[in-house]
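Trainee: Could you take one helix from this model and walk me through it closely, then show me how the rest of the chain fits around that picture? I'd like the cut-offs spelled out as you go.

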Amino acid sequence: MAKNSAAPDAAPEVPAGPGKNRPTPSRAEQEAARKRPLVADTKEARARAKAELAAQREKARIGMANGDERYLPVRDKGPQRRFVRDWVDSGWHAGELLMPLMLVVILLSLVPNSAIVYYGFVGLWLFIMFVVVDMIFTSIRVKKLARAKFGERTEKGLGWYAAMRTIQMRFMRLPKPQVKRGQRPA
């Protein structure tokens with residue numbers, strides 16, 4: 001007969017925590033662990049989540065306006081796009097005046113004199129053709145400058161990107177202009 005060193009009345013140690021080697025939890029303990037409120041999303045939690053989301057959006061908006069690469073959309077990312085933005089923002093372009101001129105033509109169309117309305121629209125269309133020619137020359141020039149700076153591995157769409165930026169009024173451009181007029185990028 002083998003001798004047992006442990007006293008027969010001493011209970012073995014029971015490890016705490018999940019897993020094996022512990023007693024099965026009672027039904028009441030299991031139900032208590034699974035209890036959750038019927039409506040999981042409280043007003044405070046929703047308000048807190050809404051405030052956090054607003055703070056993240058504000059941070060992203062400021063970052064995008066300042067040209068921070070982390071917050072820019074894919075269309076604006078990269079050193080080549082930054083170069084194009086800086087080059088366009090450093091000069092004057094006729095397209096910036098397109099929206100104000102359209103507003104003037106709308107106001108002229110309210111004048112009862114048909115000759116003034118006619119010449120207003122003719123002038124607008126001539127100016128639009130001038131803007132299109134300016135966009136084409138800007139596109140060609142930007143592509144040429146980008147090729148000279150970055151080599152033959154330039155991104156597609158740099159000319160279109162530059163042309164579309166020229167017809168936006170300077171204060172409405174996003175990302176905001178990082179260079180002053182007349183300050184050409186390096």
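Mentor: Happy to; let's take helix α2, which runs over residues 43-65. With 23 residues, α2 reaches 33 Å from its first C-alpha to its last, close to the 33 Å expected at 1.5 Å a residue; that expected span is 1.5 Å times one less than the number of residues. Helices here are DSSP runs of H or I with at least four residues, strands are runs of E with at least two, and both are numbered from the N terminus. Before going further, keep in mind that this is a predicted model, in which local features need pLDDT of at least 70 and side-chain atom pairs count only at pLDDT 80 or more, while totals for chains, interfaces and linings use all residues. Residues are numbered from 1 along each chain as its sequence is written, and side-chain values use heavy atoms, with hydrogens and water left out.

Now look at the end of α2. G63, M64 and A65 are buried, where buried means under 20% relative accessible area, exposed over 50%, and partly exposed in between (1.4 Å probe, protein chains only). After the helix comes G67, with a positive phi near 85°.

A little earlier in α2, the side chains of E58 and R61 form a salt bridge at 2.7 Å, N to O; the term asks for a side-chain nitrogen of Lys or Arg within 4 Å of a carboxyl oxygen of Asp or Glu. The two residues sit 3 positions apart in α2, about one turn of the helix. Both ends of this pair are partly exposed: E58 has a relative accessible area of 36%, and R61 has 49%. As background, side chains of opposite charge can pair when their charged atoms come close.

That pair is one of 10 salt bridges found in the whole structure, and a buried set makes a good companion to it. D89 and R173 meet at 2.6 Å, N to O. This bridge links distant parts of the chain, with D89 in helix α3 (residues 79-89) and R173 in the segment after α6 (158-166), 84 residues apart. D89 counts as buried at 1% relative accessibility, and R173 is buried at 0%. R173 also meets E96 in a salt bridge of 3.3 Å, N to O. Here too the partners come from distant parts of the chain: E96 is in the loop between α3 and α4 (98-108), 77 residues from R173 in the segment after α6. Shared partners join D89, E96, R165, R173 and R181 into one network of salt bridges.

One member of that network, R165, is among the buried residues of α6, which also include L158, Y161 and T166. Helix α6 is mostly covered, with 7 of its 9 residues buried, and what covers those buried residues includes α3 and α5 (114-150).

Stepping back, the protein has 6 helices and 0 strands. Of its 186 residues, 26% count as buried. Contact means heavy atoms within 4.5 Å, and residues 24 or more positions apart account for 69% of the contacts with a separation of 6 or more. The accessible surface comes to about 14,400 Å², 63% of it belonging to carbon and sulfur atoms, using the Shrake-Rupley method with a 1.4 Å probe.
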